Amino acid sequence: TDSEIIFAMRRIVDKWNETPPPVGYYTGMNFPYRYWWLQGTVAQLLIMGAARYRRNRLAYAAGGISIDDQSKSEEYETVGRATMQEFDQWMLKEKTRINMTMCWGVSL
């Protein structure tokens, strides 16, 4: 839903703002890294989807037919965590680069 997308987008900006070192505070209006913001948002949405599939899973059988259409949580979780790990690695490298530039005037 739209509210889930907005929530996921906000969580990524919050993650940037709350992860040390504090090299800049951003909002949804001025976050400068569009590609990585979208990557983080996608990761957050996949993780949220995995939680929903886990919560709603109910395998059942009736009339000789077995149904387990909500058993997708592992796939969503795996892709979401891998994408979030990419975002986290980029974020730490970028924050380190900014921090070094602010301190020494040298960029990696």
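Is Thr 41 buried or exposed? I began my notebook with this residue. I looked up its relative accessible area in the model, which is a predicted one, and found 4%. Residues count as buried under 20%, so I entered Thr 41 as buried.

**Entry 1: Thr 41 and its surroundings**

I then located Thr 41 in helix H2. I listed what it touches, leaving out residues up to four places away in sequence, and obtained Ile 5, Ala 8, Met 9 and Ile 12. Two of these names, Ala 8 and Ile 12, I met again among the buried residues of H1.

**Entry 2: The chain as a whole**

I next surveyed the protein chain, which has three helices and two strands. Reading from the N terminus, I noted the order α-α-β-β-α. The chain has 108 residues, and 30% of them count as buried. I also looked up how far apart in sequence the contacting residues lie. Of the contacts between residues at least 6 apart, 62% join residues at least 24 apart.

**Entry 3: Helix H1**

I checked the length of H1, which has 17 residues. From its first C-alpha to its last I read 24 Å, close to the 24 Å expected at 1.5 Å a residue. Its buried residues are Ala 8, Ile 12, Val 13, Trp 16 and Asn 17. I asked what covers them, and found that H2 and H3 are included in the cover.

**Entry 4: Helix H3**

I repeated the length check for H3, with its 32 residues. At 1.5 Å a residue it should span 46 Å, and its end C-alpha atoms are 45 Å apart, so the two values agree. I recorded its buried residues, among them Ser 73, Gly 80, Thr 83 and Lys 95. The cover over the buried residues of H3 includes H1 and H2. After the helix I found Gly 105, whose phi is positive, near 75 degrees.

Glu 77, which lies in H3, received a separate note. I read a relative accessibility of 18% for Glu 77 and therefore entered it as buried. Leaving out residues up to four places away in sequence, Glu 77 touches Ile 47, Ala 50 and Arg 54. I found these three again among the H2 residues that meet H3.

**Entry 5: How the helices pack**

How do H2 and H3 lie relative to each other? I looked up an angle of about 155 degrees, with the axes 8 Å apart. Angles over 145 degrees count as roughly antiparallel, and I therefore describe H2 and H3 in that way. The crossing of H2 past H3 is left-handed. On the H2 side the meeting residues include Trp 36, Gly 40, Ala 43 and Tyr 53, and on the H3 side they include Tyr 76, Gly 80, Met 84 and Trp 90.

For H1 and H3 I found an angle of about 40 degrees, with the axes 11 Å apart. I therefore entered this pair as oblique. H1 passes H3 in a right-handed crossing. H1 contributes Ile 12, Lys 15 and Trp 16 to this contact, and the H3 side includes Asp 88, Met 91 and Glu 94.

**Entry 6: The nonpolar core**

Which residues have the most contacts inside the largest nonpolar core? I looked them up and wrote down Trp 16, Phe 31, Tyr 33, Met 84, Phe 87 and Trp 90; the core has 15 residues. H1 (2–18), H2 (34–56) and H3 (73–104) each supply at least two residues of this core. Its largest share, five residues, comes from H3. I added a general remark from my reading: in soluble globular proteins, nonpolar side chains tend to be buried together.

I followed Trp 16 further. Apart from neighbours within four places in sequence, its contacts include Val 23, Gly 24, Tyr 26, Phe 31, Tyr 33 and Trp 90. They also include Met 91, Glu 94, Lys 95 and Ile 98.

I closed with Tyr 33, which lies in the loop between H1 and H2. Its relative accessibility is 18%, and I therefore counted Tyr 33 as buried. Tyr 33 touches Trp 16, Trp 90, Glu 94 and Ile 98, not counting residues up to four places away in sequence. Finally, I looked up the separation of the C-alpha atoms of Tyr 33 and Met 91: the two residues are 58 apart along the chain, and these atoms are separated by 10.0 Å.

Note on methods:
Residues numbered from 1 in each chain as written. Predicted model: local features only at pLDDT ≥ 70, side-chain atom pairs only at ≥ 80, totals over all residues. Heavy atoms only, no water. Core = buried A, V, L, I, M, F, W, Y, C linked by side-chain atoms within 4.5 Å. Buried < 20%, exposed > 50% of the residue type's maximum accessible area, 1.4 Å probe, protein only. Helix = DSSP H or I, 4+ residues; strand = E, 2+ residues; numbered from the N terminus. Contact = heavy atoms within 4.5 Å. Expected span 1.5 Å × (residues − 1). Axes fitted to C-alpha atoms, helices over the stretch in contact; angles between N-to-C directions. Parallel < 35°, antiparallel > 145°, perpendicular 65-115°, else oblique. Left-handed = near helix turned anticlockwise from the far one by under 90°.
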